[in-house]
Amino acid sequence: MLIFDAYDDAPPIVREMNLVLNLVAALRVASTPERVRELQLRKAALLDRISLQTPADTEAADVAGDAAIALLDLDHGPLEVSAAVTRTRLGIRARCYVREQYAAYSDGLPIT
């Protein structure tokens, strides 16, 4: 999968921001594990997309990496990382995971 393939059918960034904000509001009323995960996935994908549009912005890449790591933690528990793996490297790999999960979510497939 190419980097941008996961987001081919994604709504425009501003609409995605609105969806994320609506999910946050909905979770304040009624929270389910599925909705919490949807929020984390959409948030991580949104930040990844923003970072991809601003490749020179290292702050955007770091924030996207942190959100992606949070999704991995949610799905698989806290990650045990060796000292050789930097947070930046882990974030890059986690962002690939976000793209895979977002593509599956967009296709209506079961997600991990």
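pLDDT is the predictor's confidence in each residue, on a scale from 0 to 100. You'll want that term first, since what you have here is a predicted model, in which local features need pLDDT of at least 70, side-chain atom pairs count only at pLDDT 80 or more, and totals for chains, interfaces and linings use all residues. Residues are numbered from 1 along each chain as its sequence is written, and side-chain values use heavy atoms, with hydrogens and water left out.

So how does the chain score? Its mean pLDDT is 88, with 90% of its residues at 70 or more. Confidence is highest in helix H2 (residues 33-53), at a mean of 95, and lowest in helix H4 (residues 87-106), at 89. Where pLDDT is low, the predicted coordinates should not be read in detail.

On to the fold. Helices (H or I, at least four residues) and strands (E, at least two) are DSSP runs, numbered from the N terminus. The chain has four helices and zero strands, so reading from the N terminus you get α-α-α-α. The radius of gyration (taken over C-alpha atoms) is 14 Å, close to the 13 Å that the globule rule (2.2 Å times the number of residues to the power 0.38) gives for 112 residues, so the chain is as compact as a globular protein of that length. Along its principal axes, the C-alpha trace spans about 40 × 30 × 25 Å.

Now for contacts, meaning heavy atoms within 4.5 Å. Of those between residues at least 6 apart in sequence, 65% join residues at least 24 apart.

What about the inside and the outside? Buried means under 20% relative accessible area, exposed means over 50%, and partly exposed is in between (1.4 Å probe, protein chains only). Buried residues make up 38% of the 112 in the chain. Three residues show the three classes:

| Residue | Helix | Relative accessible area | Class |
|---|---|---|---|
| Leucine 41 | H2 | 0% | buried |
| Valine 24 | H1 | 30% | partly exposed |
| Valine 14 | H1 | 62% | exposed |

Each of these residues also comes with a C-alpha to C-alpha distance. Valine 24 and leucine 39 are 15 residues apart in sequence and 7.2 Å apart in space. For leucine 41 and glycine 108, 67 residues apart along the chain, the separation is 14 Å. Valine 14 and alanine 70 are 56 residues apart along the chain, and their C-alpha atoms are 22 Å apart.

Last, the charges. Counting Lys and Arg as positive and Asp and Glu as negative, with His and the chain ends not counted, the chain has 12 positive and 16 negative charges, and their mean positions are 3 Å apart. Each charge is placed at NZ of Lys, CZ of Arg, CG of Asp or CD of Glu.
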